[in-house]
Each structure stands twice: as C-alpha cells, then as structure tokens.
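Me: I would like to take a close look at a single part of this structure. Please describe it in connected prose, and explain how it relates to what surrounds it.

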Amino acid sequence: MTEPPEASASAAQPDPGASTGSTGAAVAPPPADGSARAGAAVPRSVTARATAAGVIVSLLLIVAIVLGSRFLENFDSALLPYAVATVFLAFGVAYRYTVWVSAPGARRLFRKGWGSLFSAANFRKAPTALPKMIATYLGFQKFLGARSHARWAAHQLIFWGCILASLITFPLTWGWFTFTSGSGSGPGYEMRIWGFKIIGFDSLDILGWLMFHGLDIAAVLVIPGASYFLWRRMKDRGAITGQRFGYDLVPLIALIVISVTGLLLTFSSIFLHGGGYEFLAILHMVSVVFTLIYIPFGKFFHIVQRPAAVGMQLFKYTGRQDQEVFGCRRCEEPIDTAPYVDNLRGTMRDLSLDFDAWAEYCPRCKRVLRGSAYLSQVKKGFK
C-alpha cells in the first residue's frame with residue numbers, strides 16, 4: 001500500500017518504546033523470551049495457558065458447588081448432568097477467553113477496556129458514566145436500536161429471558177437455592193440460599209406462582225425473540241449470504257428447543273398429569289447440556305466478550321471528556337479520541353502492519369490519497 005505523503009516523515013521517526021529496523025519504520029519489539037515476534041503467538045504456549053486457566057476455573061467452580069450446597073447436602077442428584085455441563089462451560093469459557101486475549105488486538109482491548117472499568121481517574125472524571133454505559137450498552141443495547149427497532153426488541157427478549165433463566169437455573173443446579181416446605185407438600189415454602197432462609201411464601205399466591213414459573217416466563221420471552229432472528233435468517237438476503245448453519249442457526253434452534261421443551265414440561269405436569277414427562281425431561285436436559293457446552297465455542301461467546309467492549313466505550317468517552325479528539329492529518333475533521341487512535345496504531349504495529357500511519361486519516365482522505373497515489377504512480381506508467 002502506498003504510504004500517504006504526509007505520513008512518510010512521521011514514519012521515519014520511531015514511536016517511543018518501539019525498536020526500529022533499517023528502514024526507520026517503527027516495528028514492534030520482540031518478546032522477552034525471544035521465541036517469536038510480538039503478535040506471533042506460539043500456539044503451544046497459548047494452548048497450555050488456556051488449558052491451565054480452564055482447569056483452575058473448573059476446580060474453583062467445583063469447590064464453590066460443594067461449599068455452597070453445604071457439602072452436597074442440598075445438591076439434587078437429578079440435576080447432576082446440568083452441574084457437570086456448567087463445569088465444562090466454565091472450562092470452555094476460561095479456555096476460549098485466554099486464547100482470545102492472547103491475540104495482539106484482543107490483548108490491547110482487554111487491557112484498555114478493563115483498565116478503564118477499574119480506573120479511579122475515570123471514576124473521578126465521570127462518576128456516572130460507567131453505570132450509564134452498563135445500563136445502555138450492556139443491558140439495553142441501545143446501539144442495536146440504530147440498526148433496527150425490531151432486531152433490538154428481539155435481542156432484548158432473548159437477553160432478558162436468558163438472564164432470568166440463568167439466575168434461576170445455575171443456583172438451583174449447584175444446590176445453592178433450595179425450596180423447602182415444613183409440611184412436605186406446601187402450600188407454604190421457604191427459599192434458602194446456601195442454607196440460610198431468605199423468604200417465605202405461599203405457592204398459591206402471586207409471589208409463589210412467580211417463584212415456581214420463573215423459567216416458564218423466561219421461555220415465553222426467548223421463543224419470540226429467537227423465532228424472529230430465525231425467520232430473519234431465512235428471509236433476509238443480507239443474513240442468508242454470510243450465515244453459517246453451525247454458527248448462526250444452531251444457537252437459535254437450541255434456544256427454541258430449550259424453551260419449548262421447558263414449557264411442555266409444565267404443560268405435562270399440569271394438564272396431562274405427568275404424561276410424557278420423562279421423555280420431555282430427557283429431551284430438555286440434552287438440549288440444555290448441549291447448549292451449555294456449545295456456548296464457549298460458538299456465537300454465544302460474545303456474551304463473555306461484551307464487558308470488555310463496555311470498557312472500550314468508557315475509554316473513548318473519557319477521552320472525549322478531556323477534549324482529546326484527534327483530527328485528520330489532511331482535512332482536520334475529527335476522527336476519534338487521541339488515545340483511541342494511538343491504541344489503534346499500537347495494535348497495527350503489534351500485528352506487524354506497516355501502514356499504521358493511515359489510522360490518522362479519515363475514511364474520505366484515505367480514499368483521496370489512494371486515488372492520488374494511483375494516478376501519480378500507477379496510471380503514469382500507461383502513458
């Protein structure tokens with residue numbers, strides 16, 4: 001790629017902390033162990049670190065299950081497959097996250113994002129910024145509304161349905177939540193967390209109904225949201241063009257199967273006097289276990305990545321508060337915050353991309369400079 005004329009002089013001066021080659025262009029320094037250049041991860045070492053992280057997190061979860069269930073006193077053996085699946089989930093998330101942050105670009109995102117989240121200086125500058133971003137960016141995902149109100153609504157249904165289901169399912173699976181009745185059959189129940197009584201309720205009143213049908217409510221939220229996206233991926237040309245069955249369609253189908261079988265379990269127990277309950281319970285369990293194991297290695301992994309993106313939004317927001325807006329070096333139109341542009345250039349250097357100076361130009365000027373270079377350097381040869 002032809003270097004922009006204004007950037008050639010600056011490229012000759014290395015950035016602080018970066019070593020220079022014979023051409024004077026800034027390149028990333030080699031790692032401390034000298035095994036490879038920065039940005040060229042050694043697969044074996046990354047795999048070893050990721051495996052170690054996965055094992056540690058899995059063991060910590062097992063210990064938490066044992067302690068939280070009072071040494072398995074409150075653990076329901078019928079839920080063992082779900083508990084085992086959550087241990088695999090913990091391993092997979094830790095493994096995939098470690099592999100993800102080992103890449104140069106993700107590593108910078110991780111450091112800047114989480115550094116901004118836990119920065120006391122950022123809190124002093126904008127004490128309400130983090131709660132607002134967590135609510136709007138992570139919770140209500142307002143950025144999706146700019147694309148499509150229907151997609152935003154469907155995503156919200158899936159998001160809050162899955163949050164509700166997770167808050168109920170995981171603690172019950174681990175034996176952290178228990179519902180006990182003094183009479184053995186109700187209607188009075190006590191909800192206990194880690195063995196301590198939290199609240200008493202009557203299963204026949206509204207609170208009791210909500211307690212025992214929370215997963216049904218979650219299913220009712222998830223089904224229309226997942227169905228909308230499944231319909232869209234079958235009808236929308238843009239979605240059809242780039243979609244993959246295992247990556248884009250399987251997660252939606254899994255959510256619908258989990259939700260439908262969960263509702264059928266309730267239907268069977270109330271209206272069919274338990275008819276077909278065992279088959280539905282096995283089908284529901286298989287679908288849940290499959291989905292939990294699939295999460296770290298499929299599209300659902302973006303749930304784990306999203307908090308770091310919130311940190312990057314905070315990183316950019318605090319830069320704007322300090323009026324550190326970086327202007328295009330050609331037309332002086334604002335591009336983004338100066339720290340964000342510096343971070344982008346650093347990422348490009350980590351990846352050994354020798355055209356990081358282009359990050360200092362707006363998209364329009366990049367096109368103009370490339371066109372000028374083509375006219376002066378390439379087309380000139382046709383005359």
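**Helix α13 and its surroundings**

Reply: A suitable place to begin is H273, which lies in the loop between α12 and α13. The model under discussion is a predicted one. The phi angle of H273 is near 55°, a positive value in a residue that is not glycine. With a relative accessible area of 75%, H273 is exposed, because exposed residues are those over 50%.

Beyond this loop comes helix α13 itself, which covers residues 277–294. The length of α13 can be checked by a simple argument: its 18 residues, at 1.5 Å a residue, should span 26 Å, and the C-alpha atoms at its ends are 25 Å apart, so the expectation and the model agree.

The next matter is how α13 is covered. Its buried residues are L280, H284, S287, V288, V289, T291, L292 and Y294. Among the elements that cover them are α3 (80–102), α8 (149–174) and α12 (245–271).

Two of these buried residues deserve individual attention. H284 belongs to helix α13. Its relative accessibility is 16%, and H284 therefore counts as buried, the limit being under 20%. Apart from neighbours within four places in sequence, H284 is in contact with Y82, I258, T261, G262 and L265. L292, for its part, touches Y82, A85, T86, L89 and F170, again without counting residues up to four places away in sequence. Y82 thus appears among the contacts of H284 and among those of L292.

L292 also leads to the interior of the model. The largest nonpolar core has 22 residues, and A226, L255 and L292 are those with the most contacts inside it. The elements that give two or more residues to this core are α3, α8, α10 (214–235), α12 and α13. Its largest share, 6 residues, comes from α12. In soluble globular proteins, nonpolar side chains tend to be buried together.

One of the elements covering α13 is α3, and its own neighbours may now be considered. R70 is found in the loop between α2 (43–68) and α3. Although R70 is not a glycine, it has a positive phi of about 60°. R70 has a relative accessible area of 35% and is therefore partly exposed.

Helix α4 (residues 104–117) also meets α3: the axes of the two helices come within 5 Å and cross at roughly 100°. The two helices are therefore roughly perpendicular, a description that applies to angles from 65 to 115 degrees. On the side of α3, the residues in this contact are Y97, W100, V101 and S102, while α4 contributes P104, A106, R107, L109, F110 and W114. By class, the contact of α3 with α4 comprises 8 nonpolar, 1 polar and 1 charged residues. The buried residues of α4 are P104, A106, G113, S116 and L117. Its length can be tested in the manner used above: 14 residues at 1.5 Å each should span 20 Å, and the end C-alpha atoms of α4 are 20 Å apart, so the two values agree.

Finally, this part may be set within the whole chain. The chain contains 16 helices and 7 strands, and 36% of its 383 residues count as buried. Of the contacts with a separation of 6 or more, 58% are between residues 24 or more positions apart.

Technical notes. Residues are numbered from 1 along each chain as its sequence is written. This is a predicted model: local features need pLDDT of at least 70, side-chain atom pairs count only at pLDDT 80 or more; totals for chains, interfaces and linings use all residues. Side-chain values use heavy atoms; hydrogens and water are left out. Helices (H or I, at least four residues) and strands (E, at least two) are DSSP runs, numbered from the N terminus. The expected span of a helix is 1.5 Å times one less than its number of residues. Buried means under 20% relative accessible area, exposed over 50%, partly exposed in between (1.4 Å probe, protein chains only). Contact means heavy atoms within 4.5 Å. A nonpolar core is a set of buried Ala, Val, Leu, Ile, Met, Phe, Trp, Tyr and Cys residues joined through side-chain atoms within 4.5 Å. Axes are lines fitted to C-alpha atoms, for helices over the stretch in contact, and angles run from 0 to 180 degrees between N-to-C directions. Angles under 35 degrees count as roughly parallel, over 145 as roughly antiparallel, 65 to 115 as roughly perpendicular and the rest as oblique. Ala, Val, Leu, Ile, Met, Phe, Trp, Tyr, Cys and Pro count as nonpolar, Asp, Glu, Lys and Arg as charged, and the others, Gly among them, as polar.
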